[in-house]
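I opened my notebook to look up a few things in one chain. Here is the structure I worked from.

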Amino acid sequence: KTTDPTLFGRNYFNRYSAPETEEDEFADERAEILAEAVALKKSSVAYMHPEVGVCSEDATLFGRNYFERASAPDVESMEEAEEKAKILAEAAALKHLARDYMHPEVGVKTTDPTLFGRNYFNRYFAPSLDAVENTPESSPEDAESHVLSSFNTLAATVKGANLPSTKNSKLSSLDKNIGTTKKSASTVDLFGLTDEVH
């Protein structure tokens, strides 16, 4: 309180044109929300851009590369992984084809409505097939006589073919007279192919 009427003051914060102010609790809450938003933005940028890498200003922070350590398991290259995938796909296709080949009773299944097939033998303009007449079963004696008659016919045909005759004589180097030229043990004698022996 003052008794001097010339002294007066105006409250700067409660004046009519003063900007709105908030309480300390609201200010603290706002600061926490903004700090969390900044941290979330940093995390999302790091997630969306892994090529940037991790930057740290703290000298006490360090890390170990899990994949390049000495005891790390072998990791195949991208080319090897693609080749392995191709090989496994081909093996699966071959297995499917082998199963289809070994089990024809399963049939072909398709889900494509545009695929269809036609039966070649049951089509409208297919040639008619004559039914094979069933012949009565013959006895073993009839079959044997049929084979024998076929053999006799073949023998008669060969006899009447007028083939050049060959001598059925055994020629040997032992048949020569003593005093004639000696033959080596490694010579080849052709028996019955020529009329004379040279």
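My entries follow, from the whole chain down to single side chains.

**Fold.** I noted first that this is a predicted model. I then asked how many helices and strands the chain has. I found three helices and zero strands. Read from the N terminus on, the elements run α-α-α.

**Burial and surface.** Next I looked up what share of the chain is buried. The chain has 198 residues, and buried residues make up 3% of them. I also looked up the exposed area, which is about 20900 Å². Carbon and sulfur atoms supply 59% of that area.

**A pocket.** I turned to the second largest pocket. Its volume is about 250 Å³. Which residues line the second largest pocket? I listed Lys42, Val45, Ala46, His49, Pro50, Val52, Gly53, Val54, Cys55 and Glu57. Then I sorted this lining by class. Six residues are nonpolar, two are polar and two are charged. Lys42 and Glu57 are the charged ones, and His49 and Gly53 are the polar ones.

**Rings.** Last, I checked the aromatic rings. I counted zero aromatic pairs, taking ring centres within 6.5 Å as the cut-off. What sits over the ring of Tyr66? I found the charged end of Arg69 there, 4.1 Å from the ring centre.

Methods
Residues are numbered from 1 along each chain as its sequence is written. This is a predicted model: local features need pLDDT of at least 70, side-chain atom pairs count only at pLDDT 80 or more; totals for chains, interfaces and linings use all residues. Side-chain values use heavy atoms; hydrogens and water are left out. On a 1 Å grid over the protein atoms alone, a cavity is a set of points where a 1.4 Å probe fits but cannot get out, and a pocket is an open set with protein on both sides within 12 Å along at least five of seven lines; lining residues have an atom within 4 Å of a point. Grid points are joined across faces, edges and corners, and a volume is the space filled by probe spheres set on the points. Rings of Phe, Tyr and Trp (its six-membered ring) pair if their centres lie within 6.5 Å; planes under 30 degrees apart count as stacked, over 60 as edge-to-face and the rest as tilted. A charge sits over a ring if NZ of Lys or CZ of Arg is within 6 Å of the ring centre and within 35 degrees of the ring normal. Helices (H or I, at least four residues) and strands (E, at least two) are DSSP runs, numbered from the N terminus. Buried means under 20% relative accessible area, exposed over 50%, partly exposed in between (1.4 Å probe, protein chains only). Accessible areas come from the Shrake-Rupley method with a 1.4 Å probe; for residues, only the protein chains shown count as cover.
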